[in-house]
Amino acid sequence: MNITDVLILGSGPAGYTAAIYAARAGRSTKIIAGPQPGGQLMITSVIENYPGFSDPISGPVLMDQIRRQTEKMGAEIISDAIKSVDFGKCPFICVGESGVSYISRTVIIATGANAMWLDIPGEKEYQRAGVSACAVCDGFFFRDKNVAVIGGGNTAAEEALYLTNFAKSVLLIHRRGQLRAEQILQKRLLENSKIEIIWHTEVTDILGDGSRVTTLLLTNTKDHTKMKKSVDGVFVAIGHRPATEIFRNQLALDDNGYIVTNKTNFTTSIPGIFAAGDVCNSLYRQAIVSAGQGCVAAIAADKFLSV
Ligand code: NDP
């Protein structure tokens, strides 16, 4: 039986950083890259706040650097996605979609979080036909078009600002009268002449002509009046859901599905299983935070193995 010291699930900043530390500590280390190798930064255009880069760096370039560093340290990166786990006893077993069983003395879960959807009529039907959850991926297709962004957090603000690089106009539709986004982003939104904010409003339907999005049906959350807005595209930016479905009956999760961890050493409810990054962190979803947590989890896993 080939038993690894440290098995890492997920290849975003948390997973790769955990692998760098585990491999550098001399532990046999495997990373299962998961369904989106490189994680969310692979669909992020510009990163200005990751220390070490005085000029903005693109997400894919940053992740490529971190992946190379990880490989140089001796960690093995495997293209597979885990479909089930058995954390009943150590060594732990994780089964990949490939059919391979990965067996390890410790596991660090860094599977991240996925975009949430509104679950309204038209949303699924027009995905890739005007409905998107990623301005960086799809904004280019809306040059000189009218688009809407739904949400009031940092993601929505960043998506709206990014879309002004292409679109003729950007509606930011928010269900309340106050944004969650950071002040600096709010200032940029208000100063941008291409952006109009529609407050106290929910999108109830996404309509189209059968092949593309054409119209949003909106309802005012205060007086319940309805209106229509013509748009060519709509970007849903209402938050993320942690990728924890396969751990549901094995680990303690919070009410929103995030893995419950001890924030000192990122242990989970099972000794030997650790979690790091967005999968256990709904508040500070930053690459640098995830990387830091991956580091801590790997050091803690090394200590666990030393006992
Ligand atoms: P948030 O949870 O911060 O914001 C989600 C937004 O979507 C909220 O404004 C919320 O409204 C709205 N919303 C949620 N559900 C619905 C719904 N069903 N219908 C309509 N609106 C809805 O998520 P984000 O993805 O924006 O950010 C998550 C975390 O990541 C935050 O901690 C953020 O700071 C961080 N982040 C940081 C960035 C940076 O620093 N550069 C970039 C992107 C994210 P309401 O306000 O009413 O609850």
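Helices (H or I, at least four residues) and strands (E, at least two) are DSSP runs here, numbered from the N terminus. This is a predicted model, in which local features need pLDDT of at least 70 and side-chain atom pairs count only at pLDDT 80 or more, while totals for chains, interfaces and linings use all residues. Residues are numbered from 1 along each chain as its sequence is written, and side-chain values use heavy atoms, with hydrogens and water left out.

Let's start at Thr261, which sits in the loop between strand E16 (240–242) and strand E17 (273–275). Thr261 counts as buried because its relative accessibility is 12%, where buried means under 20% relative accessible area (1.4 Å probe, protein chains only). Its side chain makes a polar contact with the side chain of Lys263 at 2.6 Å; such a contact is a pair of N or O atoms within 3.5 Å, and within protein one must be able to donate a hydrogen and the other to accept it. Leaving aside neighbours within four places in sequence, Thr261 is in contact (heavy atoms within 4.5 Å) with Phe266, Thr267, Thr268, Ala275 and Cys280.

Now move to the ligand. It is surrounded by 19 residues, each with a heavy atom within 4 Å of it; the closest are Thr155, Glu158, Arg176, Arg180 and Leu283. Helix H4 (residues 154–163) gives the most to this shell, with three residues.

Polar side-chain atoms lie close to ligand oxygen atoms at 2.6 Å for Thr155, 2.7 Å for Arg180 and 3.5 Å for Glu182. Taken alone, the ligand exposes 910 Å², and the protein buries 78% of that, with areas from the Shrake-Rupley method and a 1.4 Å probe.

Notes. Buried means under 20% relative accessible area, exposed over 50%, partly exposed in between (1.4 Å probe, protein chains only).
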